[in-house]
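Me: Please take one part of this model and look at it closely. Keep it brisk, and work outward from there.

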Amino acid sequence: MLDPIFSKNIYLWEAYKMILKNLIKILVFGILLSGAGVFADGHKTGPTLKEIGEIKFDLIHTSMTEGTRITGRFGNGSITFTRGGGGVLDECVEDGYVKKNGTIDFILWCHVSLDDEKTLMIKYAGIIVGEGNMYDRLNQLEVLGPGNGMDVWFSEMKMLTGSEKYAWLNDAMIVGEGVALQMPDGDKPGIVHYNLYELVHSK
């Protein structure tokens, strides 16, 4: 039979080891959490949008192709940048379709003549989620936009150029926020207007 004092010491030792082990776990967890916090602090607000310009052009013609697919022709427009400069938008061609719920999903390819006599190619994909009466209002030639006939109108744009002046566009992730859309009326073209933003990391 073990001596009571010896047994008590063993019990205290085991209890001490358990407490020490738990303290080590808490300390390690705290260090890991602190490290995660440092990383999170550097990105705590996520990416942000930096305004870089706008693009405006005419909607010359739009029509259905097959089933719910649509096509459009655009041109006679301009692109301007907040840091200066811009160009003339010569022409765009659209390939899109209308989903069962009425949402418009589209891709456009555009050719721009820049002010330094270089060419800018723009490819962008976007989506328009309309309010219930959007199509009726478009047919009535109203000028619509987000909060006015539309719930959502955004495009993801990729721009490519050989221009040294505008080389920064080649590496930019650009978001176009729709501002105004109006359908054409016979020979009178409609309008398309985007504000342009570059996606950047927060600091």
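Reply: **From one charged pair to the strands**

K99 is partly exposed, at a relative accessible area of 33% (between the cut-offs for buried, under 20%, and exposed, over 50%; 1.4 Å probe, protein chains only). This is a predicted model, so local features need pLDDT of at least 70 and side-chain atom pairs pLDDT 80 or more, while totals for chains, interfaces and linings use all residues. Residues count from 1 along each chain as its sequence is written, and side-chain values use heavy atoms, without hydrogens or water.

The partner of K99 is D105, and the two form a salt bridge (side-chain nitrogen of Lys or Arg within 4 Å of a carboxyl oxygen of Asp or Glu). Their closest N and O atoms are 3.8 Å apart. D105 is partly exposed too, at 23%.

D105 falls within strand β4, residues 104–114 (strands are DSSP E runs of at least two residues, helices H or I runs of at least four, numbered from the N terminus). Strand β4 also carries C110. This cysteine forms a disulfide with C92 (two cysteine sulfur atoms within 2.5 Å). Their sulfur atoms are 2.0 Å apart. The link is right-handed, with 115° about the S-S bond. C92 sits in strand β3, residues 86–98, so the pair ties together parts that are 18 residues apart in sequence. C92 and C110 are both buried. A search of the whole structure finds one disulfide, and this is it.

Follow β3 to its partner. Strands β2 and β3 run antiparallel, joined by eleven bridges (DSSP must find at least two for strands to pair). Within this pairing, G72 stands opposite E94 in β3. The two strands make a hairpin with four residues between them. G84 is in that turn, with a positive phi of about 110°.

T71 shows what surrounds one position in strand β2. T71 counts as partly exposed, at 25% relative accessibility. Beyond its neighbours within four places in sequence, T71 is in contact with H61, T62, S63, T65 and E94 (heavy atoms within 4.5 Å). So E94, which faces G72, also contacts T71. The C-alpha atoms of T71 and Y97 are separated by 8.2 Å, though the two residues lie 26 apart along the chain.

On to β1. Strand β1 (residues 48–64) runs antiparallel to β2 (residues 69–81), and ten bridges join them. I55 stands opposite I79 in β2. Here too there is a hairpin with four residues between the strands. G67 lies in the turn and has a positive phi of about 65°.

Back to charges. K99 with D105 is one such pair; the structure holds five salt bridges. Another joins K56 and E54, with the closest N and O atoms 3.9 Å apart. K56 counts as partly exposed at 38%, and E54 as partly exposed at 27%.

D115 and K165 form a further salt bridge, at 3.3 Å from N to O. That pair links distant parts of the chain, 50 residues apart. D115 lies in the loop between β4 and β5 (119–130). K165 lies in the loop between β7 (149–161) and β8 (174–182). D115 is partly exposed at 45%, and K165 is partly exposed at 46%.
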